[in-house]
Amino acid sequence: MSEPTKKSMDEIMALCKRRGFVFQASEIYGGLNGFWDYGPLGAQLKKNLRDAWWADCVLNPPAAPGGGDVAMVGLDTCIIQHPKVWEASGHVAGFNDPMVDCRESKKRYRADHLWVRSATGLDGQVFLVCLAAGGAEEANDAWGAMKRRKDVPGPIWDLLVQASGTDRAYTDLSPEQRAAVLGPDASKPGSLTDPRPFNLMFPTIVGATGDWETNKAYLRPETAQGIFVNFKNVVDTSRVRVPFGIAQTGKAFRNEVTPRNFTFRSREFEQMEIEFFCRPEDAREWYVYWRDNRLAWWRSLGLASDNLRLREHDADELAHYAKEGAGTSDIEYRFPFTFPGFGELEGVSHRSDFDLRQHQQHSGVKMDYFDQERNERYIPHVIEPSAGLDRGVLALLCEAYTPDPERASKVYMKFHPRIAPIKAAVFPLVNKDGMPEVAERLRNDLRARFSMIEYDAKQSIGKRYARMDEAGCPFCFTIDGETLTDNSVTVRDRDTLSQERIALDAVVGYLADRLGSAR
Ligand code: GAP
């Protein structure tokens, strides 16, 4: 297996801007930290990923363990729910990140993202700090950036150069040790405050009175709770019986302390979540089912390299609802900014009966389920595969980005045909001699069947191929002089660059074979 190489995040972001995948939100006003807009190609890529998830998880889920159908239904719930939903779920009291302020630079950090390395200074031990995005694995990179800083006074820079030892979490330091920490953007040690909890939910006001106390509500920080509070409605109105799952996609909002790494940690993002309700004793079997199928699904969309991994959580990482559960794991991708480490793409957790029980207690409405087969009542346990749609798009963009100095475009986007935003392009070789008419007819036939078909008659054929390579279009069909005599077209494959001639009336079938269920 070849060694993984680190791609340049700056180049990927530049391509995303240049080709209309992702724009900074409110860019003409200087942008808003943690918010991103999707351009024409990005919006289609994101829709394709969302549609593929819905098709494979809701409409046609993988067969059950031991064979048979898996029952799944969809839902679309409100972003703003009754504020008591978030009290019951534990978000009002506990959805906090530890936050640290720098009194000198006025910057704010997540305390659990600060990693400290020690060095012996002029007057004893001095602790120095570096900022790591996701954990100790990235501390080395951040440490390198720290050493390249120009604003650090000489004596402190001397310490930086000779600093060594094991990285330690800022949160593990004593108050005396914290007083000796040099902040990532400070020039003198001791400017960082103690960590304090910061609630990540975005508050808002419902109604016209503008009273924060009586009318306060929240933008949802996860789509999951909309599913739990509708559990009874779904059971009472559809024919599902435990085990079954409810799925939904939608926006979630978190006032992240330090949004960073492009769309990876945003303040507004989209989730694709499943709450799968099962008998408590079957939780382990369904956990394994979802964990393995979700990993296989990401692989099937082109994250097939060793950039994707499954990581089971250690006991001390488990969330409050996952105690003594059937398991919790993350599906992780090796993003360029986490390289050589990994970042979370999707979590699969056994949430036990925590959420339904909490809502039963806070609402007074019974959330138990009558199992007719067994003639008994219980609160079902839940397996939750919770994926980030924006993180999925980002992983697909990073994976697809393929530098190739031999090509006119110097880079191409190797999207899996199923999620590629442009499925095919149609070119008339020249914009005359009856070729545009045939090309337009073919374009119309393809548009009636497939989602995004490009027509391009501008500039040389080489430039048109280059444009499609950068957009990640897998197939280009060219109408030329021969087409007019023998009804054949050239099809060019983005990845192999091979060209072959096929019959004009075989193009729809050719594309359908290669796109599978994607349209
Ligand atoms: N209902 C469970 C839940 O929300 P989570 O691990 O907090 O779990 C699930 O979020 C997924 O949502 C993550 O795996 C990630 O893909 C995505 N996600 C979470 N916070 C995000 C953020 N600030 N920006 C982008 N995606 C995020």
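The following exchange concerns the ligand site and the salt bridges of a predicted model.

Biologist: Which residues come nearest to the ligand?

Modeller: The ligand has 20 residues around it. Among the shell residues, 4 are nonpolar, 6 are polar and 10 are charged. Those that come nearest are Glu222, Arg254, Glu256, Glu273 and Glu344.

Biologist: How far is an oxygen atom of the ligand from an N or O atom in the side chain of arginine 254, and how much of the ligand's accessible area does the protein cover?

Modeller: An N or O atom in the side chain of arginine 254 lies 2.8 Å from an oxygen atom of the ligand. Backbone atoms take part as well, since a nitrogen atom of the ligand is 2.8 Å from a backbone N or O atom of serine 266, and a polar backbone atom of leucine 345 is 2.9 Å from an oxygen atom of the ligand. Of the 560 Å² of accessible area that the ligand has on its own, the protein covers 90%.

Biologist: Which element gives the largest share of the shell around the ligand?

Modeller: Two or more shell residues come from each of β14 (268-278), β17 (343-352) and β20 (381-388). The largest share, 5 residues, is given by β17.

Biologist: How many residues apart in sequence are the parts that lysine 46 and glutamate 270 tie together?

Modeller: The side chains of lysine 46 and glutamate 270 form a salt bridge with an N to O distance of 3.5 Å, and both residues are buried. The pair belongs to a network of salt bridges that links Lys46, Arg50, Glu270 and Asp390. Because lysine 46 lies in helix α2 (residues 40-59) and glutamate 270 in strand β14, the parts tied together are 224 residues apart in sequence.

Biologist: Is lysine 251, which meets glutamate 268 in a salt bridge, buried or partly exposed?

Modeller: The salt bridge between the side chains of lysine 251 and glutamate 268 has an N to O distance of 2.8 Å. Lysine 251 lies in strand β13 (residues 244-253) and glutamate 268 in strand β14, so this pair ties together parts that are 17 residues apart in sequence. Glutamate 268 has a relative accessible area of 28% and is partly exposed. With a relative accessibility of 29%, lysine 251 counts as partly exposed.

Biologist: Why does arginine 291 count as buried?

Modeller: Arginine 291 forms a salt bridge with aspartate 292, their closest N and O atoms being 2.9 Å apart. Aspartate 292 is partly exposed, because its relative accessible area is 37%. A residue is buried when its relative accessible area is under 20%, and the value for arginine 291 is 13%.

Key
Residues are numbered from 1 along each chain as its sequence is written. This is a predicted model: local features need pLDDT of at least 70, side-chain atom pairs count only at pLDDT 80 or more; totals for chains, interfaces and linings use all residues. Side-chain values use heavy atoms; hydrogens and water are left out. A residue is near a molecule or strand if one of its heavy atoms lies within 4 Å of it. A polar contact is a pair of N or O atoms within 3.5 Å; within protein, one must be able to donate a hydrogen and the other to accept it, and residues adjacent in sequence count only if both atoms are side-chain atoms. Accessible areas come from the Shrake-Rupley method with a 1.4 Å probe; for residues, only the protein chains shown count as cover. Helices (H or I, at least four residues) and strands (E, at least two) are DSSP runs, numbered from the N terminus. Ala, Val, Leu, Ile, Met, Phe, Trp, Tyr, Cys and Pro count as nonpolar, Asp, Glu, Lys and Arg as charged, and the others, Gly among them, as polar. A salt bridge is a side-chain nitrogen of Lys or Arg within 4 Å of a carboxyl oxygen of Asp or Glu. Buried means under 20% relative accessible area, exposed over 50%, partly exposed in between (1.4 Å probe, protein chains only).
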